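Student: I would like a close look at a single part of this protein, set against the chain as a whole. Could you take me through one strand and its surroundings with some care?

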Amino acid sequence: SVKLEHGAHRLGKRTDKPMQAWRNYGLGQFIHWGVYAIPGGHWEGQYYPGAAEWIRSWKGMPKDAYDNLYKQFNPKKFNAKAWAKQAGDMGAKYVIITTKHHDGFCLWPSKYTDYTVANSPYKKDIIGQLVEAYDAEGIDVYLYFSIIDWNHPGYRSTLKSEQDRKEYEEFKKFTRNQLVELLTLYPSTKGLWFDGSWDKAWTEQAEFADALGKELREMIPGLIIGSRFRPDDNGNRHFDTNGDLIGDYEQGWERKMPNTIEDTNGNDWDCVMTVPENQWGYHSDWKGHVKTTNELIEMLVKAASLDGNFVLNFGPDGQGNIRSEETRLAAEIGEWMKENNEAVYGCGYLDWEKQDWGYYTVNRETGKKYMTVFNIPVSGALRVKVPGKTKLNKAYLLNDPGASLELEEIHRNEYFIHYKPASATDRPFVIGVETTDAK
Ligand SMILES: C#C[C@@H]1N[C@@H](C)[C@@H](O)[C@H]1O
C-alpha cells in the first residue's frame with residue numbers, strides 16, 4: 001500500500017460504545033430546512049425542476065433576490081417538540097439536521113457571519129430548539145454541515161489564482177470556526193454529517209481537513225464523522241488511495257442502497273433517502289414517483305439486513321409545517337415499527353442465503369433471528385436454507401410468539417415454513433426463528 005500522511009486514520013469498524021449505539025439505530029430522520037423552503041421550488045411563477053434546496057443555483061434565479069429571502073424567514077408554525085415527537089413516534093433513533101446547506105444560511109446564531117436566523121424576523125436559534133427537543137425525546141442528534149457555502153466571499157469550487165488561494169484561506173478559517181462553534185453551542189451532538197465536500201478546492205485540503213477532523217473529535221469524545229468529510233493526500237474522498245475508508249462509516253449511499261453485503265465492503269454505512277425522486281428541501285409540487293410506506297419499510301429492513309442505517313428525509317415548509325405526505329408516512333411507518341421494531345433495532349446481517357420472500361436480520365446482542373416477509377409465495381411455503389451445522393427448531397409470528405408455524409425439513413439444511421396470512425395483509429410481517437447451532 002501507498003504511504004499516506006492523510007489517509008484513513010483508523011482501519012476496520014469502530015467498536016466503542018458511541019459507534020455501537022450508532023450501528024444499532026436502524027432508523028433515522030433527516031431534516032432539510034432553510035430559506036429555500038420559502039420559494040418551495042417555484043420562482044416568479046416558474047416551476048424549478050431541480051432539487052428545491054438547490055434553487056439558488058438555477059440559471060433563472062436572481063442571486064441577490066434569493067440572498068434576501070432570509071428577511072422573510074419567520075416560520076410561525078415551527079414547533080421543535082412536535083417534530084421530535086413525530087420522529088419518536090415514527091421510531092427514529094437519530095436525527096440529522098441541516099445547520100446550513102450550500103446557500104450558507106445558518107439556522108443557528110453563528111457569530112462568524114450575519115447570514116443567520118438571528119438576523120431574520122424569526123430571530124431565535126432553530127438548531128438549539130431542535131437539539132433540545134430531540135434530546136428530550138431520546139433521539140440522538142447529528143448535525144449536517146455543508147462545506148460548500150455560496151454566501152461566503154472566500155468560498156471557491158476551484159483555486160485558479162493566488163487571490164483565490166488567499167481568500168480560500170479565510171474561508172477555511174471560517175469553516176473551522178463555525179464547526180467549533182456548533183460543537184461548543186450544542187455539546188450533546190453525537191456526530192457531524194458533512195456534505196458539499198466534492199469541490200476540487202476542498203479536495204486539495206487534505207492536511208487542513210485532517211487536522212480539523214482531529215480537533216473536532218477531541219472536542220467531543222466518540223464523535224462520529226462519515227466518509228464524506230475529508231480528502232486524502234491525493235484528493236480521494238470516502239476511500240483513500242489504498243482503498244481504506246476515510247471516516248467512521250460509508251456515506252456514499254444517497255438515494256440508493258447496496259444490494260449485497262459485498263457491496264458494503266464490510267463497512268458501516270447509512271442510506272439517506274428522499275420521499276419523492278430527488279427533493280430534500282421543501283418543494284410545494286412533487287413530481288414523479290412518491291415512495292409508499294411499504295417501499296420505505298422495505299428499504300429500512302433491507303438496510304438493517306445489510307448492516308446499515310436507513311435515514312428518511314423530511315423537508316418542512318417555509319412556515320415550519322411538516323407536510324401531510326410526510327406526516328402520513330411517519331405515522332404508518334411508526335405503526336409498523338411499534339409492532340416489528342425488534343427485527344430492526346440492534347439488528348444486522350445474517351449470513352444465510354437470501355430468499356425471495358424478504359430479508360433476514362439478527363440481533364447483535366441476543367443472536368435472535370428474524371425473517372421480514374415482503375413477498376408471500378403463492379405456495380405459502382417460505383424457503384429457508386441454513387448453514388451446515390444449524391438446525392431450525394421453531395418459527396413463530398413476531399406478533400403471536402405462542403403459536404409455532406408448521407416447519408417442514410425438505411433437504412439437509414433446507415426447510416419450508418408453511419404460512420399464509422389468514423386474511424389479505426397490506427404490510428410486511430415478521431417471523432421469528434429459533435435454531436440450534438451444533439458446534
Ligand atoms: C447533492 C446533494 C445534496 N446532498 C443531499 C444530502 C442533499 O443535501 C442534497 O442537496
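Tutor: What follows starts with strand β9 and its partners, then turns to a second sheet, two loop residues and the whole chain.

The model is a predicted one, in which local features need pLDDT of at least 70 and side-chain atom pairs count only at pLDDT 80 or more, whereas totals for chains, interfaces and linings use all residues. Residues are numbered from 1 along each chain as its sequence is written, and side-chain values use heavy atoms, with hydrogens and water left out.

Strand β9 covers residues 269-273; helices (H or I, at least four residues) and strands (E, at least two) are DSSP runs, numbered from the N terminus. Five of the five residues of β9 are buried, so the strand is largely enclosed by the rest of the structure. Buried here means under 20% relative accessible area, exposed means over 50%, and partly exposed lies in between (1.4 Å probe, protein chains only). Trp269, Cys271 and Met273 point one way from β9, while Asp270 and Val272 point the other way, and all of these side chains belong to buried residues.

Two strands are said to pair if DSSP finds at least two bridges between them. Strand β8 (residues 250-254) runs parallel to β9 and is joined to it by three bridges, with glutamate 250 having tryptophan 269 of β9 as its bridge partner. Strand β10 (residues 308-314) also pairs with β9 in the parallel sense, over five bridges, and here valine 272 has valine 311 of β10 as its bridge partner.

Elsewhere there is an open sheet of six strands with antiparallel pairing, in the order β11-β12-β13-β19-β15-β16. Its edge strands are β11 (347-348) and β16 (400-404), each of which pairs on one side only. Strand β15 (residues 390-397) is joined to β16 by two bridges and runs antiparallel to it, and tyrosine 396 stands opposite serine 404 of β16.

Two residues other than glycine deserve a look for their backbone angles. Glutamate 44, in the loop between β2 (42-43) and β3, has a positive phi near 45 degrees, and at 72% relative accessibility it counts as exposed. Histidine 238, in the loop between β7 (224-225) and β8, has a positive phi near 70 degrees, but histidine 238 is buried, with a relative accessible area of 16%. Glutamine 46 lies in strand β3 (residues 46-47) and is partly exposed, with a relative accessible area of 48%. Leaving aside residues up to four places away in sequence, glutamine 46 touches Gly41 and Trp58, where a contact means heavy atoms within 4.5 Å.

For the chain as a whole, there are nine helices and 19 strands, and 56% of the 439 residues count as buried. Of the contacts with a separation of 6 or more, 70% are between residues 24 or more positions apart. A compact globule of 439 residues would have a radius of gyration near 22 Å, and the chain has 23 Å, which agrees; this radius is taken over C-alpha atoms, and the globule rule is 2.2 Å times the number of residues to the power 0.38. The C-alpha atoms fill a box of roughly 75 × 55 × 35 Å, taken along the principal axes.
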